[in-house]
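Let's take a walk through this model together, one region at a time. Keep the structure open beside you as you read.

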Amino acid sequence: MPELKAELVAISSVHKFNSGTVILRQGSYIKVIPLVISGLIKIFKEEPIHGNEVLLYYIKPGESCVMSVTTLVRNETSRVKAVIEEDSEVVIIPADKALKIAKAYPKWNEFIYDLFNFKFEELVNVIEILTFSNKDKRLLEYLKKEAQVKGDNILRTTHKDIAYDLGSSREVISRLLKKLEQNGVIRLKQGVIELLQIN
């Protein structure tokens, strides 16, 4: 819709963020709605007592944060944390303007609903892995998802980063990775994990 596109251009601004930047903290009010042009954003859920965090899903190019939208509509504080995973270019839509867009353009709402359904399926998958899977399978599913999202079977990451995403300890992750390597599923190098079996 040309009208919707023109409206978004008029009310929004484009910002560049470096990897590691926290653009939304759990417990804060939503001030902007992000729309990713390039890069990746990770969405985490933080456990309030011990502070452990679990990766819920990614926001990829062409996507927005559905949790931010639903939280904004309800005028509640955010239940998630958003961190830039890769250097990103993001369209920033002011929260009050986003609400007006939702009222004026049904196509925008259709985009958000479709995205919500897609992310809901990802969340169900995360819940299944966390609840019903053993730690080996949980780790392998995580690695496969990382490879799929980043379009590369060679992951440049650390055992500590993986432990952070999965709410585990580095020692546990290192032991499980070694087991996967012994089973011929992955190959470990310094700061690199190569998936040998994608399917």
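The paragraphs below go from the first helix to the nonpolar cores, and then to a small set of strands and the helices that lie across them.

A word on the ground rules. The model is predicted, so to speak, with local features needing pLDDT of at least 70 and side-chain atom pairs counting only at pLDDT 80 or more, while totals for chains, interfaces and linings use all residues. Residues are numbered from 1 along each chain as its sequence is written, and side-chain values use heavy atoms, with hydrogens and water left out.Begin at helix H1, residues 2-11. Helices here are DSSP runs of H or I with at least four residues, strands are runs of E with at least two, and both are numbered from the N terminus. Leu4, Leu8 and Ile11 of H1 are buried, where buried means under 20% relative accessible area, exposed means over 50%, and partly exposed lies in between (1.4 Å probe, protein chains only). Looking down the axis of H1, the buried residues fall within an arc of 80°, so they line one face of the helix; the arc is taken from the directions from the helix axis to the C-beta atoms. An α-helix has 3.6 residues a turn, so residues three or four places apart point the same way. The other side of H1 carries the exposed residues Pro2, Lys5, Val9 and Ala10.

Where do the buried nonpolar residues gather? The largest nonpolar core has 32 residues, and Ile41, Ile43, Ile93 and Trp108 have the most contacts inside it. A nonpolar core is a set of buried Ala, Val, Leu, Ile, Met, Phe, Trp, Tyr and Cys residues joined through side-chain atoms within 4.5 Å. Among the elements that give two or more residues to this core are H1, strand S3 (32-46), strand S5 (81-94) and helix H4 (106-132). S5 gives the most, with 6 residues. Apart from this core lies another, of 24 residues, among them Leu55, Tyr142, Leu176 and Ile193.

Isoleucine 43 is worth a click. Leaving aside neighbours within four places in sequence, isoleucine 43 is in contact (heavy atoms within 4.5 Å) with Val54, Leu55, Leu56, Tyr57, Ile59, Cys65, Val80, Lys81 and Ala82.

Next, find glutamate 146 in helix H5, residues 135-150. Is glutamate 146 buried or exposed? At 6% relative accessibility, glutamate 146 counts as buried. Beyond four places in sequence, the contacts of glutamate 146 are Lys42, Leu55, Tyr58, Glu85 and Leu155.

Now turn to an open sheet of 3 strands, in the order S6-S8-S7 with antiparallel pairing; two strands pair if DSSP finds at least two bridges between them. Strand S6 (154-156) and strand S7 (186-189) are the edge strands, each pairing on one side only. S6 and strand S8 (residues 192-195) pair over 3 bridges, and isoleucine 154 has glutamate 194 in S8 as its bridge partner. S7 and S8 are joined by 4 bridges, with leucine 188 partnered by isoleucine 193 in S8. The hairpin of S7 and S8 has 2 residues between the strands, and glycine 191 there takes a positive phi near 70°.

Valine 192 belongs to strand S8. The C-alpha atoms of valine 192 and leucine 155 are separated by 5.6 Å, with the two residues 37 residues apart along the chain.

Finally, look at the helices lying over these strands. H5 lies across S6, S7 and S8, running at about 90° to S8. Helix H7 (residues 170-182) lies across S7 and S8, running at about 125° to S7. For these angles, axes are lines fitted to C-alpha atoms, for helices over the stretch in contact, and angles run from 0 to 180 degrees between N-to-C directions.
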